[in-house]
Amino acid sequence: MAQTNQPDIFDIAVVGGGPSGRIAALTLAQAGFSCALFAPPSAKPDGRTTALWQQSIDLLRDIGIWAEIEATAAPLKKMRMIDGTGRLLRAPEVTFDSSELGMEEFGFNILNSNLNAVLEIFCDKQENLTIVGESVEAACFDGSCARLTTRDGQSVSARLAVAADGRNSFLRETAGIDVKRWSYPQVAVVLNLEHRLPHQHVSTEFHTATGPFTLVPLPGRQSALVCVETEDGAAKLLAMKQEQLERELERRSHSIVGAFKLASKPQSFPLSGMNAKTLTGERLALIGETAHVFPPIGAQGLNLSLRDILDLRDILLSARVRQADPGSTAVLSAYEAKRRGDIKTRTNAVDLLNRSLLTSFLPVQAARSTGLYLAGKFGPLRRLLMHEGMTPGSSFRPGRPAGRPPVNS
Ligand SMILES: Cc1cc2nc3c(=O)[nH]c(=O)nc-3n(C[C@H](O)[C@H](O)[C@H](O)COP(=O)(O)OP(=O)(O)OC[C@H]3O[C@@H](n4cnc5c(N)ncnc54)[C@H](O)[C@@H]3O)c2cc1C
């Protein structure tokens with residue numbers, strides 16, 4: 001263990017060294033809770049990028065890591081949606097502009113490798129936080145605490161265990177929490193590209209009949225691509241030689257940012273989803289991909305996880321004011337009640353968007369086209385959609401701007 005002055009029983013033990021686990025551990029330790037973090041070394045570097053909305057960036061700023069990430073992040077100022085389905089009923093092009101919400105940008109696209117490296121450095125030096133560099137291999141939960149043990153016999157007791165050990169969570173399974181899993185007949189091909197023309201901080205999403213083809217800005221003349229394809233289509237793309245793949249992707253992007261050069265090796269992710277049937281067990285709260293998995297559409301996954309963390313922190317802080325046990329049933333019920341709606345809404349929205357692209361059922365195509373037509377035409381609806389896409393159930397009212405004011409206004 002990295003720190004020697006550890007308590008006999010911690011307030012909180014976070015399990016999982018991915019972004020959700022590390023951000024939770026930093027947030028809770030900085031809120032004054034004594035924390036342990038189980039973070040085994042990661043198996044391989046993460047070549048992906050993550051688009052984080054303003055509320056998530058504010059959390060990274062609050063925990064002191066944003067200044068270390070900002071220089072390698074790209075602001076996302078506009079989002080353009082283009083119907084590339086080639087179907088009879090096509091939606092008109094719609095552009096969502098952050099300035100319409102009175103914001104400088106919707107958020108930023110960041111490199112996962114950077115985020116993970118900075119988080120590791122900050123966790124190592126955080127007061128109140130003891131790092132255990134091993135996986136949890138045994139867990140028991142009882143009336144008084146959660147007891148977590150590694151293969152080499154290191155053991156931690158805590159009033160509350162926070163499971164952030166990913167989609168195949170050992171903690172969730174040990175606690176007997178069931179999940180609902182589903183899959184889609186699609187694969188996301190993910191890579192970074194250099195291009196000849198500037199992206200002007202516009203993220204462009206082509207809606208195609210096999211799923212979204214999305215270019216998300218990176219610093220300079222680079223973008224991250226998430227191309228959702230059928231299984232066969234993805235296999236064909238992955239089998240292409242570099243130049244052939246560059247030409248094919250440029251063709252699919254209608255050359256909007258000119259010719260492409262690959263800037264990373266293509267990776268593929270079969271599309272699937274998962275929801276835990278409950279978010280809590282005895283002395284246990286689930287966050288991040290332990291609680292909910294999304295296909296990479298609409299940049300929802302980690303943003304939602306950070307809202308899990310913010311809500312958990314607020315509930316624990318108000319429990320502390322009442323001198324309540326952080327792992328008590330009251331705390332856990334409040335967490336379950338607070339998070340359930342947000343997770344359900346996001347799951348349904350991403351599922352609906354993906355399925356509305358795949359369907360050949362004309363009324364569904366018509367509904368999607370009409371929705372985008374109305375969003376393009378009516379400012380208040382467009383602003384409501386932009387706001388809900390980033391921060392659900394906020395105080396935003398259609399017709400008046402919201403969010404952080406632009407820096408130069
Ligand atoms: C292609 C792609 C693009 C994406 N783009 C976006 C985006 O733009 N915006 C967005 O918000 N989200 C995005 N996401 C989702 C986002 O990447 C995930 O939500 C996020 O990475 C999940 O982080 P996590 O920490 O919850 O889980 P993980 O990253 O899976 O971390 C789990 C951790 O737990 C550890 N662990 C496992 N078992 C144990 C154990 N027994 N003991 C201790 N530790 C253990 C593992 O080593 C791992 O480090 C994307 C996802 C994909 C696939």
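**Sheet pairing, ligand shell and selected residues**

In the predicted model, Trp53 stands opposite Gly107 of strand E7. Strand E7 comprises residues 107-111 and is joined to E3 by five bridges, the two strands running antiparallel. Both belong to an open sheet of three strands, arranged in the order E3-E7-E4 with antiparallel pairing. The edges of this sheet are formed by strand E3 (49-53) and strand E4 (74-76), each of which pairs on one side only. On average, and with direction ignored, neighbouring strands of the sheet are turned by 30 degrees against each other. Helix H2, spanning residues 54-62, packs on the sheet and touches E3 and E7. The direction of helix H2 makes about 95 degrees with that of E3.

The surroundings of the ligand also involve E3. Two or more residues of the shell around the ligand come from each of helix H1 (19-30), E3 and helix H8 (301-321). The shell consists of 27 residues, of which Ser20, Ala51, Val136, Leu302 and Asn303 come nearest to the ligand. Polar atoms of the protein approach the ligand through both backbone and side chain. For Ala51, a polar backbone atom is 2.8 Å from an oxygen atom of the ligand. For Val136, a backbone N or O atom lies 2.9 Å from a ligand nitrogen atom. The side chain of Arg48 contributes a polar atom that lies 3.4 Å from an oxygen atom of the ligand. On its own the ligand has 1000 Å² of accessible area, and the protein covers 83% of this.

A further set of antiparallel pairings is centred on strand E10, which comprises residues 146-150. Strand E9 (residues 136-141) is joined to E10 by five bridges, and the two run antiparallel. Ala139 stands opposite Leu148 of E10 in this pairing. E9 and E10 form a hairpin, with four residues between the strands. E10 also pairs with strand E11 (residues 155-163), again in the antiparallel sense, over four bridges. Here Ala146 has Ala158 of E11 as its bridge partner. The hairpin of E10 and E11 likewise has four residues between its strands, and within this hairpin Gly153 takes a positive phi near 90 degrees. The two faces of E10 differ in cover: Ala146, Leu148 and Thr150 make up the covered face, whereas Arg147 and Thr149 make up the uncovered one. The bridge partners named above, Leu148 for Ala139 and Ala146 for Ala158, are thus residues of the covered face of E10.

Two residues elsewhere in the chain were examined individually. Thr280 lies in strand E18, which consists of residues 280-281. Thr280 counts as buried because its relative accessibility is 17%, under the limit of 20%. When residues up to four places away in sequence are not counted, Thr280 touches Ile177, Ala285, Leu332, Tyr335 and Glu336. With Glu336 there is also a polar contact of 3.1 Å between the two side chains.

Asp232 is located in helix H6, which spans residues 231-239. In contrast to the buried Thr280, Asp232 counts as exposed because its relative accessibility is 58%, over the limit of 50%. Asp232 and Val187 are 45 residues apart along the chain, and their C-alpha atoms are separated by 9.0 Å.

Conventions. Residues are numbered from 1 along each chain as its sequence is written. This is a predicted model: local features need pLDDT of at least 70, side-chain atom pairs count only at pLDDT 80 or more; totals for chains, interfaces and linings use all residues. Side-chain values use heavy atoms; hydrogens and water are left out. Two strands pair if DSSP finds at least two bridges between them. Axes are lines fitted to C-alpha atoms, for helices over the stretch in contact, and angles run from 0 to 180 degrees between N-to-C directions. Contact means heavy atoms within 4.5 Å. Buried means under 20% relative accessible area, exposed over 50%, partly exposed in between (1.4 Å probe, protein chains only). A polar contact is a pair of N or O atoms within 3.5 Å; within protein, one must be able to donate a hydrogen and the other to accept it, and residues adjacent in sequence count only if both atoms are side-chain atoms. A residue is near a molecule or strand if one of its heavy atoms lies within 4 Å of it. Accessible areas come from the Shrake-Rupley method with a 1.4 Å probe; for residues, only the protein chains shown count as cover.
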